[in-house]
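This report covers one helix and its surroundings, one sheet, and the cysteines. The sequence and structure come first.

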Amino acid sequence: MEKEYHEGILAGEHLAASCVGTAEGMSAEDNTATESKRIVRYQDSDGNIHYGVIEGETIFQLANEFAEIAAGTCSYEGTEVALGDAKILIPVEPSKVVNFGWTFAGHAKETGGTANLKEPFLFLKPQSALIADKETICLPPIDLTNKVELEGEVALVIGKSGRNIPEEEALSYVFGYTVFNDVTARDLTKTDPQFTRGKGFDTFGPIGPWVVTGIDPTHLRIVTTLNGKVVQDGNTSEMSLSIPFLISWVSKIMTLEPGDVLALGSPSGTCPMKSGDVVTVEVENIGKLTNYVK
């Protein structure tokens, strides 16, 4: 991936301008073998918000509702927007953002967690934490926290409602994958009995820039840079818990709805950020998420 990482090249050269759905009864194998598409949520020059599929440097407008796209019931109506003319927004509006902690042994060890858990360590972020690509991570006042760190991750987006999902069917509930930065007030997670405060500040959930469908999530390289220097370099193949297991496990606790985000955990290399920094998380076959720190 070396050339792809340095030049920011995305996998998939031709992305059809059509609606993308998660079919009922689709097998896990089918879900990872379909054509890869980049689905973006954006605002046009008139201030209207749409979803679209990206082909080259053009966005082909789809429906305004994610559920229609995920169900495969929308259609392309002929409207095209230059990618450079659109304001890229957070890729979905989830009912919940579910985060799995310590799914990488190295990260668990460096943050004082437990490596190789048999069950996930679970926490939630509020939707108010989410920000889009190129937006700003705002550091809280120093009297609230003085150690805010980055955590580059892969996140998945749920495509259809499900509860008590069998592990062997879990990937059929996934619409696609995106990039996530689980920004963390590390001093607070060290002292609080649960992680809501340290993970839940406004702007602590950069996500995007789009959702990519039809890719295999089991071997994706994750590279995070801070001011151009690589600080994290991991791979989803190193996760101690499988993605189907995580989906199935959490679905026994809460119903997963279309658009929900499941952030899959961070590899080792988490480090503090300060005002003026630029952090970029790039995931193989998905893209780059860049945010500024203030």
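In this predicted model, the buried residues of helix H7 pack against five strands, namely E6 (97-101), E7 (121-125), E11 (152-158), E12 (174-181) and E17 (261-263). Helix H7 spans residues 243-251, and seven of its nine residues are buried, so the rest of the structure largely encloses it. The buried positions are Ile 243, Leu 246, Ile 247, Ser 248, Trp 249, Val 250 and Ser 251. At the N-terminal end of H7, Ser 242 acts as a cap, with a side-chain oxygen 3.2 Å from the backbone nitrogen of Phe 245.

A separate topic is the sheet that contains E15 and E16. It is open, is built from five strands in the order E9-E19-E18-E15-E16, and has mixed pairing. Strand E9 (136-137) and strand E16 (229-235) are the edge strands; each has a single partner, so one side of each lacks a neighbour in the sheet. Strand E15 (residues 221-226) runs antiparallel to E16 and is joined to it by six bridges. Within this pair, Val 223 lies opposite Asp 233 of E16.

The structure contains zero disulfides. Two cysteines are listed below with their relative accessibility.

| Residue | Relative accessible area | Class |
|---|---|---|
| Cys 138 | 38% | partly exposed |
| Cys 271 | 15% | buried |

The class of each follows from the cut-offs: buried means under 20% relative accessible area and exposed means over 50%, with partly exposed in between. Cys 271, at 15%, is therefore buried, and Cys 138, at 38%, counts as partly exposed.

Terms used
Residues numbered from 1 in each chain as written. Predicted model: local features only at pLDDT ≥ 70, side-chain atom pairs only at ≥ 80, totals over all residues. Heavy atoms only, no water. Buried < 20%, exposed > 50% of the residue type's maximum accessible area, 1.4 Å probe, protein only. Helix = DSSP H or I, 4+ residues; strand = E, 2+ residues; numbered from the N terminus. Contact = heavy atoms within 4.5 Å. Polar contact = N/O pair within 3.5 Å; in protein donor to acceptor, adjacent residues only side chain to side chain. Pairing = 2+ DSSP bridges. Disulfide = S-S within 2.5 Å.
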